[in-house]
Amino acid sequence: MKRYLCSIIIGMAVILSIGTYYVKVASSASSLPKYSFKTLEGSDKELYPVIINASLQNGSTFYEPLTIESNTTTYESERSYLENLTGRQGHEIERLVKEHRSFMRGKGSISSIYEDDDFLAYARVNSEYTKSGNMEAKFDIGLLEKKDEEETSFQIELPNQGRIMNADVRDVQLVHSKLQVLTMNDVNSNNEKQTKEVHLYTIDVANKKVLSDKTLVSETFTYPDQVDFEMPIDLTPSQPNNMVFISLIKGVNHEDGPFEEKLKESKLLSYNYETEKLETVKKELLSLDMARSGYADGKNLYAVEMKSGKYRIKTFDLSSQTLTNDTELDIAANKKEQDFAAIKNGRVYFLLGNEVDQDVLTNKPAKLLIADIKTGKTLYKGETIINKKNSKSFELIIDDLEIK
C-alpha cells in the first residue's frame, strides 16, 4: 500500500509541476506583443498560406522565437513540450511527419528528402571520427512505397571515405529508379592545401549498393585563397527537379580587410540529372549575384532585382537558360531592408523586414506583398501591426518565409 501511495504522490507532484509550468508560460507569453497584418490593399484571405518564422528580441537580454501563421502570432513558449522538444520544423517536414510518421521518425532535413506521387526517399550522411582520428561515414538510406506503405532502410559506406572530412547532402532525386544524392564535400589534402568538391552518388536501393561516385566539381586552393559553393534557395526542396544550380565562388581572404571575390574566376554551373550534363551558365544571361540570391523550383529560377526604385522578379527558364518573364512589384525598393520571397500557385509572396541602418536594426513594420507572378497585379498588400503599447523596446527579426 505504501508503494502505491508513494507512486500516487509522485504522480500528483509531476502533474502539479507541469500545470505550474504551463501557467507560468501562458502568463509570460500573454505579456508579449502579438503581431498581425493590417490589410492595405486586396483580400486578407490571401494570407492563409503565409507562414513567417521570426524572433522577438530586446538587445541581448531577451530572445523568443515566434511564428506568424494565418495572421496569428504563436510564441515558442506557447507550444507544447513535445513540439519544443523536436524544435522548429518547416511546414513540409510537419506535413510529411503527419502523413508518414513511421518513415519520418528521426528525419528532419528537407534537403535530404525526395517525394513524388509513388515514393518518399531519404538520404543522409552519418559520420563520426574514430579514436585514431579517421572519419567513418555511411549513407542512411530510406525508401517508402506509398501504395502499400512498404519501407526499405539501410546503411551503406560512403565511397572513398578516407579522404573525406565532411559531406553535406544538398539534393536528393529519384531518376530511372536510382537514387541520386548531391553532396558538397570537404576533402583531406594531407598538406596546406584545401579541396572542396561537389559529388553525385548514384545508389541502387533494390540491391543496397552505390553504383557510382561522380565528382562534378573539384577545386584545390591554399590560404589566403578561398573557394566556396552556394546554391539558390530551393522553393521545392523535396519535389522532383531535373536541374540544379551551383555557384562556384573564388576569392582571397585579406588579413586586414574583407573577403574579395575573384569575379572573373567565379562562375555559375547548371547540372541536368536526365542528360547528366554539367554546363557553365553565360554571365550575360544571369549575373552571379542574382543567381545566388535567387529562388529555384527545378524549372525556373526567380531572381530579385532593384530597378528604378521598385523591386522586380525575373524568371529564367532553367532548360533553355532564357529570360521568360520580368515582373515589376508594387512596393518601393529599400537597399537597407532584407527581402524574402516565395513563389507558389502562380503567386509571388514578397516580404520586407529587418531594416539595418549603420549596423543597427530599425524597428519598422514588416511589409508583405502578394502579386500575380506573370502580370505583377497586386492581390494583397499589408504591414505588421502590434497590439501592445510597450512593444517599442522589442525588435521583430524575420528569419524566413514559408507558403503552405
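This is a short talk about the largest pocket and a run of paired strands in one structure.

Okay, hi everyone. One thing up front: what you're looking at is a predicted model.

Let's start with the pocket. Rolling a probe the size of a water molecule over the atoms shows where empty space is left. Here, the largest pocket holds about 1,300 Å³ of space. Its lining takes in 48 residues, and the ones nearest the centre are Ile 233, Asp 234, Leu 235, Thr 236 and Pro 237. Several elements give two or more residues to that lining, among them helix α3 (91-99), β9 (164-175), β15 (243-253) and β29 (395-403). So which strand gives the most? That would be β23, with six residues. As for what the lining is made of, we've got 21 nonpolar residues, 15 polar and 12 charged.

Now hop over to the strands β2, β3 and β4. Strand β2, residues 50-58, runs antiparallel to β3, residues 62-69, and eight bridges join the two. If you want a spot to click on, try Asn 53, whose bridge partner in β3 is Thr 67. Three residues sit between β2 and β3 in this hairpin, and Gly 59 has a positive phi there, near 60 degrees.

Keep your eye on Thr 67, though. On β4, its bridge partner is Thr 74. Strand β4 covers residues 72-75, and it pairs with β3 over four bridges, again in the antiparallel sense. What links β3 and β4? They form a hairpin with two residues in between, and Ser 70 in that turn takes a positive phi of about 50 degrees.

That's my bit, thanks!

Methods. Residues numbered from 1 in each chain as written. Predicted model: local features only at pLDDT ≥ 70, side-chain atom pairs only at ≥ 80, totals over all residues. Heavy atoms only, no water. 1 Å grid on protein atoms, 1.4 Å probe; cavity = no way out; pocket = protein on both sides within 12 Å on 5 of 7 lines; lining within 4 Å. Points joined across faces, edges and corners; volume = space filled by probe spheres on them. Nonpolar A, V, L, I, M, F, W, Y, C, P; charged D, E, K, R; others polar. Pairing = 2+ DSSP bridges.
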